[in-house]
Amino acid sequence: MMKNPHAIPVTEVVQKMNVNPHTGLSTIEARKRRATYGMNRLSEDRTKSAWRIAFEQFLDPIIYVLGVAMILAFAFQEWVEGFAVLAVILLTAMIGFFMELQAVRSVEALQKIAQTVSNTLRQGKIKSIKARFLVPGDIILLQSGDVVPADARIIEHRGLATKEAVLTGESNQIEKSNDVIPLNSILAERKNMLFSGTIIARGYGKAIVTAIGSNTEIGEINRLTQKAKKEHSPLEKRLNKLSRWLILFTLVLAIIITISGYFQGRDLFLMVKIGIALAVAAIPEGLPIVATIALARGMVRLSKQKVIIKKLEAVQTLGETTIVCTDKTGTLTEDKMSVHHIILNDNQWTNRDIKTQCDQIKENDAFKYLIRVAVLCNNYNGEDNLSNGDSIENALVDFAKKIDYNPIEIQNKYPRLAEIPFDTDTKIMATLNRFKNNYIVCVKGAIEQVLSSCKYILGNNGIQPIKNKNQWNEDINKFAATGLRLLAFAYRETNIKPIENELVKDLTFVGCIGFLDPPREDVKQAIQTYKNAGIKVVMITGDHPNTARKIAEEVGLLSINNSEASVIRGSELESYEGKDEEQEKAIMNALVFARMVPSQKLDLVEFYQKHNAVVGMIGDGVNDAPALKKADIGIAMGIRGTEAAKEVSDVILMDDKFTSTELAIRQGRTIYENIRHFVVYLLSCNLAEIIAVSIASLSKLPLPLLPLQILFLNLVTDVFPALALGMGKGDARIMEQPPRHPDEPIISKKLWISTFIYGLSITAVVLGVTIYAHFIKSWSYEVVNNMAFYTLVLAQLINVFNMPNRSFSFFKNAVTTNLWVWIAIALSLLIVVIAYYMPILQTVLSLVKITVEQFIIVCVFGMSSLLLIQLIKRLGGTV
Ligand code: ATP
């Protein structure tokens, strides 16, 4: 890598880096350099090793408590218990390890898909290469919207400017050059350099990579600030808190029961053993990993639907989204534009007129100028079109070709001398072209903007001063109200070369073209779904308010009768300060924001957030990046989006479909629901064990569960079905509920009540079977205990079916349709059957043979817990 490349001429840099700037490195050379210099990534981006994941499994309070229980068991020379707890520890860690490893790896794989790519010269060809594969000496080609992938020295450029806020905090654009810069100049002054992580705001540049990875300037900063370790997601934090709280509760309870049992005259050893077992029983194994697993599964599932989630936490935030801000063109509409209407001063033609009266129309003077400006003020340049798929420019070229003009011929006749690129802030594009010894300035853009710079108008009587600007605006409003996207055209001919920053003045207005850009078919349905889900969809567009309104009506965002108040113009939002309550309410209620500039998107996001909304923002341009970053969920388009937009977003829609956002939000909500099911299930099962053993040990009843049986239950009947609940596909009706409040606890008060009722009902049947077998049937102590144990197994396994909300059918809901639940139940039952027949497990678990009658009684009691809970549930007793 190279030191201070800014201070030497670029020819020397190229020489030192040993590369031909016209052909780039060869593949072999690039591979060699990668072996020497490593990958182009920051150290914190390294993948997490399997060892680390394994090690981290043991760094959990749950394992600490289990460890203490194990030590106690060994200290009391209860070898079997000691080893059993050890087995629990190892198994818990193992399940955690495998599930987390898979989750972490799939997340990493998905993150790789979302990595920045860069146009790079290799073997004489321009290739799109993942930024992490770049090596020093690579020749990179950058254009507006790209993220600079490594530190590089500029070789050549055209109007290049960057945004370097990530590096220097400077928010203005930095103009670049390729002059040599003094050695000791500060970073912001090194204008001949491009720095990794900054964004190309405009222009084009060719540069040679001089430093990669942690040797870049941004890498240095990261190293100096020693970025904090990866934080846990809010969901993981909440689950950890819950888990710590439960551990504390368990420990206190275990101590109370042990001591009070001892004072009741029971054997101290037995009470200690029960205390340990209870502690183990109540601990929610699986709780710390369930969030990672559920979120990661959500990510994988979404990636199959072409939605890439870059950060795990984003899945959770998606479920909380209350407002989705979207642009119009290409997201709500097809972005397949065609010329539909031509509006000149003295003439108007529709598409059909042009077909039927083409020759006559082509004779019209104003029409000739319209075509000239449309083709010259256009970045079309032949077959390898560099206008970057700007559909409005493509539509203009297509139109010109259709009526037998040759755009390239016109462009060659009037060579371009300068360009003011289209900017979403100014909403105008201008070019300066030469024709023999004269010059022509061509301008196209939003009607208000173009008109404001016009002094004259071209019509059938030649050029006249323009007097009726307001009339024009009114006429255009009518066209816009039909949903047409409008573009105005103007020009100025002069024989003195104008200076570049005075191009757009004293123009002659030619007219407007209306384009048809139909709404996307599937958007209407998605917007309806959002309405049902209590999520507000807001359109933020640079387009004309009437066009925006019409499209909003067509996609069902606005109702036709009541759309007036819901549209706000950007000019009304200059500042949010000093707005009274009424005005703030109007902004909160508006559904369409038209003629907005990108910086207003950021202000609006902040405004919404101040009003407690969780905002999802869809965007694609380089100017959208701050708003995408600020939003709770930034969503970039995979095809249309610039690298800059993708870089700062949390979600990338690979197919550019608005409807995919709905899939993502649905998934986010489902995951939270799944985690809730998981927690409620696990806690209610654990609660049943604790209460049953506590009541029995504090009364004269035979113990329904022995310590080892409790340990076994925890591994077999709790964890598998619980994890299966965490992997469900979710309720079909999840998008019919309002969004969850971000501060809402995982277990609400109502859910706590439900958890207790489920736990108590299971306890009731376990104690019921104990009493029945002991007092009525007078069966042996072992049989009574075994029957209680099996009843608990059964009651716990079918407890999964109590999880869905009571508004769902008992037979068809998210749990019954979850294949994993059935697999988990089958697996758990199989293990119990194996234990029943396997001598060693019989001994460890103190299992004896039971009769068919006893088996039937177990089934009746076990099943009756489900019946009991469903009865309470359907009568409104639980959620
Ligand atoms: P959205 O933000 O929803 O995608 P949009 O694409 O209409 O909406 P902008 O791209 O900011 O928003 O366009 C705003 C206006 O600028 C358009 O109404 C049009 O008049 C004008 N415009 C669009 N593209 C160009 C272009 N390439 N050259 C000149 N003017 C343009």
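1. A residue is called buried when its relative accessible area is under 20%, exposed when it is over 50%, and partly exposed in between. With that in hand, here is a starting fact about this predicted model: buried residues make up 55% of the 879 residues in the protein chain. Keep those cut-offs in mind, as they come back in several of the points below.

2. Next, the overall picture. The protein chain has 31 helices and 24 strands, and its C-alpha atoms fill a box of roughly 115 × 70 × 50 Å along the principal axes. How much of the contact in the chain joins residues 24 or more positions apart? Counting contacts with a separation of 6 or more, such pairs account for 73%.

3. A good helix to look for is α25, which runs over residues 659–698. It has 40 residues, and the distance from its first C-alpha to its last is 58 Å, close to the 58 Å expected at 1.5 Å a residue. Is α25 largely enclosed or largely open? Since 35 of its 40 residues are buried, α25 is largely enclosed by the rest of the structure.

4. Now look at the partner of α25 in one of its packings. Two packed helices are described by the angle between their axes and the distance between the axes. For α25 and α26 (residues 707–725), the axes come within 8 Å and cross at roughly 160 degrees. Angles over 145 degrees count as roughly antiparallel, so α25 is roughly antiparallel to α26. The crossing of α25 past α26 is right-handed.

5. Which residues meet where α25 and α26 pack? From α25 come Asn 674, His 677, Phe 678, Tyr 681, Leu 682, Cys 685, Asn 686, Glu 689 and Val 693. On the α26 side they meet Ile 710, Leu 713, Asn 714, Thr 717, Asp 718, Pro 721, Ala 722, Leu 723 and Leu 725. Sorted by class, this contact has 11 nonpolar, 5 polar and 2 charged residues. While you trace the helices, it helps to remember a general rule: an α-helix has 3.6 residues a turn, so residues three or four places apart point the same way.

6. Helix α8 (residues 234–263) is worth a visit as well. Alongside α9 (residues 268–282), α8 packs at an angle of about 160 degrees, with the two axes 9 Å apart. That angle makes α8 roughly antiparallel to α9, and α8 passes α9 in a right-handed crossing. In α8 the contact is made by Thr 250, Ala 254, Ile 257, Thr 258, Gly 261 and Tyr 262, while α9 brings Leu 268, Met 271, Val 272, Gly 275, Leu 278, Ala 279 and Ala 282. By class there are 9 nonpolar, 4 polar and no charged residues in the contact of α8 with α9.

7. Helix α8 also packs with α4 (residues 61–75), at an angle of about 20 degrees and with their axes 10 Å apart. Why are these two called roughly parallel? Angles under 35 degrees count as roughly parallel, and therefore α4 and α8 earn that description. Pro 61, Ile 62 and Val 65 of α4 touch Ser 243, Arg 244, Ile 247 and Leu 251 of α8. The classes here are 5 nonpolar, 1 polar and 1 charged.

8. Helix α20 (residues 545–554) is mostly covered, with 8 of its 10 residues buried. The buried ones are Pro 545, Asn 546, Thr 547, Ala 548, Arg 549, Ile 551, Ala 552 and Glu 553. What covers them? The cover includes the helix α18 (469–480) and the strands β17 (485–494), β19 (536–540), β20 (567–569) and β21 (592–594). Just after α20, Gly 556 takes a positive phi of about 85 degrees.

9. Two residues that are not glycine also have a positive phi. Asn 4, in the segment before α1 (10–16), has phi near 45 degrees, and at 33% relative accessibility Asn 4 counts as partly exposed. Ser 778, in the loop between α27 (749–776) and α28, has a phi of about 50 degrees. At 55% relative accessibility, Ser 778 counts as exposed.

10. Finally, find Phe 810 in the loop between α28 (781–798) and α29 (819–837). Its relative accessibility is 24%, so Phe 810 counts as partly exposed. Leaving aside neighbours within four places in sequence, Phe 810 is in contact with Phe 801, Thr 816, Leu 866, Gln 870 and Arg 874.

Notes:
Residues numbered from 1 in each chain as written. Predicted model: local features only at pLDDT ≥ 70, side-chain atom pairs only at ≥ 80, totals over all residues. Heavy atoms only, no water. Axes fitted to C-alpha atoms, helices over the stretch in contact; angles between N-to-C directions. Helix = DSSP H or I, 4+ residues; strand = E, 2+ residues; numbered from the N terminus. Parallel < 35°, antiparallel > 145°, perpendicular 65-115°, else oblique. Left-handed = near helix turned anticlockwise from the far one by under 90°. Contact = heavy atoms within 4.5 Å. Nonpolar A, V, L, I, M, F, W, Y, C, P; charged D, E, K, R; others polar. Expected span 1.5 Å × (residues − 1). Buried < 20%, exposed > 50% of the residue type's maximum accessible area, 1.4 Å probe, protein only.
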